[in-house]
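Visitor: I should like a close look at a single part of this structure, set in the context of its chain. Please take one helix and describe it in full.

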Amino acid sequence: MSVSAQTLPALPIALARRTSRRAGVFVALAVLLVVFMLLNLRIGSISYPVEQLLGALFHPSAQDDVAYIVWNIRLPRTFAAALGGAFLAVSGLLLQVYFRNPIVGPFILGISSGSTVMVSLVMLTSIGLGFSGFAPYLNTLASCLGAYAVTAIIVAIAVRVQSGVTLLIAGLMMGFLCGAFTSILTALAEKESIKGFVLWQMGSFSGLKWVEVWVMVACGGALLASTYLMSKPLNALLLGEEYAASMGVNIRRCRLLLLFLSSSLAGLVTAMAGPVAFIGLAVPHMARLSLGTSDNRVLLPAACLLGALVTSLCDLIARMWLSPVELPLSAITAFLGAPLVLYLLLKNGMKS
Amino acid sequence: MSGEPILRTAGLTVGYRAPVLSGIDLDFGRGQFIALLGPNGAGKTTLLRTLSRHLQPLAGTIEVLGQDLNTLPAFDLARVVAVCLTDNARPPLLSVDEFVALGRYPHTGRMGRLSARDTEVVEQSLAAVSAGELAGRLVEQLSDGERQKVVLARALAQEPKLMLLDEPTAHLDLKHRIEVMSILRAQCRSQGLTVLAALHDIDLAAKISDRVLLVRDGGVSADGLPEAVLTGDKVAALYDLHTADFNRHLGSIEFRSDGRAGTVFVIAGRSYAAPLFRLLSKKGLAIATGVLDGSDLDACVGAAIGARVFLRPTAMAEVGPVLNAALAACTACDFIIDSGPVGIEADTLRAGAAASGRPLLRLTAAAIAPAGGAERCYATLAELSGAIDHLPFFQSQAAP
Amino acid sequence: MKFMEKMTILSLMLTLIATLGGCDKEAGAPEKRSFMNIGEFSVNPKAGYTEVRDGAGRKLALIPRGGKAPEGFAPTSVIEVPVRRVIAYRAFEVGILAALGVPETLVGVTDPREDWVRDDVRRGFDEGRIAYVGQSFKIDFERIKAQHPDLVMTWDPSIIPMMDSLGIPVVVTTTPVATCLNTHMRFVEFIAPFFGREAQGKAYFEQVATALEDIRDRTQGLPPPKAMWGDIYEKRVLVEPGNAWVAELIGLAQSHYLFNDIYGTSCIEISTERFIYSGKDADLYFTYRTPDWGATSKAALARQNPLIAQIRPLGPEGHVYAPLPGYAQSSDQLDQILIDIAAILHPQAFPGHPMRFFVELPDIDPVKQTGGT
């Protein structure tokens, strides 16, 4: 092969420019994430001087209000929001790559609907009273069970069908089924119990306990690591299943693993915080645009950082805008996410 | 072509549930450019998908480098066979070099990190399709032609021994069509790559491929050198052609005139008249022409277009009877065109035409009317075309 | 779409739960402002009829039975009084009917018999006079029609077109801006003209006002306890805002309501942080949940929500009170409810007062666990 002299430098220059841009974006994301997480620790409906907060931070066992609020409320919530955002963003990214569809989010396959059904069973019927031993974690367990039951069904369907579109429709149908079941339960429920359920459906990182945060760290960490190991086949999937198969990707195994990882991440967040909208849909786009690439080896960590960052910011806004009144987190994320998705759709529409 | 065949099939039946093609026995050697021809829906894509293991064969065996396709590990297969599909991947925000580097998939490690050699192959692949300058651009922003070259580069980066392509030149302009085909052929020659490409463009296939497979009616109907396989009859049968003919000498398709608009006699010879024939054919005129040498291009094109060609007899035979027949045809036509050949036969026909009183149009290099001639003279085909449109009989023909 | 749906349900729920509403700060001086023009409500006597503006701002004409309808009112906006058959959406209105002495006019409610603790309503069901007409947000129009009501009292303006076509007059009895104590007390005077019971309405208001005066007198100068009112559902905290009538009452009863700075609809979500911060100071905590819904003891509350275990009322020096089911259905005993709350805040000022609408939670569950409903 002969290489003409003028074409040679293009590639190294492009590579160098790209590398420096990516490094810049990553540093910026990391710094911003730290800033927002610190802000989430710093700002709350009760304001404390910085020294007092720092003191509490370094003396977790102190028996005062500050230590209690910092260690039991602000810290778990800050971490939960960051982790939850990261998980949702990665979950959404996986499905967007798999379906090659930019408007797919982590809940498109009915994960949150599955959680909702189980939570509604616990909250809206007297079933929950039979398990009062699990009291503080009952909802979390129920939600987890629901999310993973739906995941199992989706994966079982994925084994049988070839086409992504069929799977997408199957997911939507799961959502409708679960929704129908939930609405029947709601119709039969006592007013008193609907209150808590409606709140749960709006999703929030409020009131998470350390145990739950540790579960998120442990399970989510393992899931994220597995996801990162999948970034090579994910990249091949950018060209579609046929090309990926021709390059040596085991499509069936890859698809199942991908669905499992995505659903597990989304299910984990839903279990802890209820359905949080739009993060999983919008953040992958933001990551792609800010880095200017679809290379998942870069996008996955970026989506993690950006998801954590955006969710931290949204949670801060939800907590502080009308403090101490809490606004629904999904409302804030939707305010941010919906215009972005709309913009992307319009932009794509104009191109084609 | 030596050594083990790249790909061999025996008694292969392909299809989705129901067989589409059956009894396929193929044997591809190194460095061959094989064109897969056949009408839409004949099963070209099905065959390609089966050979690339996207589709399970319904019967028979496929061997790649002597190994059963079914038992070949995915990565090993990907290092031998690369594909270019019609579904043109257009991933958003992926640069050309990243796209091409995806072709290194079966060669890289767990995380797909590119080694120095991988980068080198990517560069070479881009250079091979002369798209080196596209490296930093985004795939979604390329033109169709540029993208197709990049798609080829990706397949090349896989360093395959066999490349399966499904209509690689669809939607491309002439320049890119030729470029893509040239790149493939160059790879066959220089790298020993075997190419199996489903093509629609029979002209191009005939001229570029080493071998053609004709696919029709549930099987491979012919397999061999294009020069041997692609006869006018075979091509007409392959595509069910009624209004056009493939001319193996010209290597192209010529449309036949239905002759409804009238008849014309062209005094032709010396290969001047080929474009004129096409012009007249498109006007729907039945053409007669003579008297021509069998080796004359005019005779070749005339025959392809369905004209009645009066050929000068070979060797010892007398020209007289042919000339008389031509003269009779000439004077019976609605009008006559003189494309300006020299020779006794041409002069005879001219004289006969002038005597017949039929309109005589003359195409000359310079529009100089010969003294005393009743004929009209035109310097270009365009002028001649206009003049034909104004002939009284032609107008009355065309009017209703 | 889904989100909007949830928001709608939530707002409906908030409206529902706000059976004993509150109102904006401006209306916070009960003595000065007349009920006659609080929020959207107004009652204006005109020649030959009474013009009433309801919670949705609709004008209704109340005419004597057999009287002539005034000009400019649609047929279903003209109501012949006294009304004889009425369907009420909220328990609060049912209580008001009793306060006005016309409980027998009630022919339909939106809760099934087993949810009622009121004897008069249960009896009405047993006699076949009262029908359950479906849940308030999916009402059964056929059942309503079959009850032949003269009037439907609702919070839901969306049923008006259907009711118009059925020829049944509707009065919207809630308004988003009238949730203060004064509205709460004077609401009876808005309902009274529909039954020609203006005198009873006034008397009932006076009775409640007197009770309020009494509370004020008795609690004068006592050391103010700090109270909080709300609940934590799993991980989320809902409280009564400072503009709710209970908050106002707590203020009037010489006590300090800890969420006075929070403004909003009844039952609003606040940060856990704030709840706990305020809770560390509180002497008293009123839950939303009744004992049937899990508020059986301090230990039970702490177990369900370990985060709030730290608040002072759940500790040994604190007190936690849960409402009894009758609380939400006894708007005809508003004076007693006010006194109950005042007695909880200042037990020393109401020696020997028998608590009827609240129960103080024990430290630990009674031996037999309360389960189910």
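Guide: The following account treats one helix, beginning with the chain that holds it. The model is a predicted one. Chain A contains 14 helices and zero strands, and from the N terminus on its elements accordingly read α-α-α-α-α-α-α-α-α-α-α-α-α-α. The C-alpha trace of chain A extends over about 75 × 55 × 35 Å along its principal axes. A compact globule of 352 residues would have a radius of gyration near 20 Å, and the 22 Å of chain A agrees with that expectation. Of the 352 residues in chain A, 52% are buried. Among contacts in chain A with a separation of 6 or more, 78% join residues 24 or more positions apart.

Within this chain, the helix chosen is α12(A), which comprises residues 279-291. Its 13 residues, at 1.5 Å a residue, should span 18 Å, and because its end C-alpha atoms are 18 Å apart, the helix agrees with the expected length. As to its surroundings, eleven of the 13 residues of α12(A) are buried, so the helix is largely enclosed by the rest of the structure. A residue counts as buried here if 20 or more other C-beta atoms lie within 10 Å of its own. The buried residues of α12(A) are A:I279, A:G280, A:L281, A:A282, A:V283, A:P284, A:H285, A:M286, A:A287, A:R288 and A:L291. An α-helix has 3.6 residues a turn, so residues three or four places apart point the same way. Just after α12(A) comes A:G292, whose phi is positive, at about 65°.

Notes:
Residues are numbered from 1 along each chain as its sequence is written. Chains are lettered from A and ligands numbered from 1 in the order in which they are written. This is a predicted model: local features need pLDDT of at least 70, side-chain atom pairs count only at pLDDT 80 or more; totals for chains, interfaces and linings use all residues. Helices (H or I, at least four residues) and strands (E, at least two) are DSSP runs, numbered from the N terminus. The expected span of a helix is 1.5 Å times one less than its number of residues. A residue is buried if 20 or more other C-beta atoms lie within 10 Å of its own, exposed if 12 or fewer, and partly exposed in between; C-beta atoms are placed from the backbone. The radius of gyration is taken over C-alpha atoms; the globule rule is 2.2 Å times the number of residues to the power 0.38. Two residues are in contact if their C-beta atoms, placed from the backbone, lie within 7 Å.
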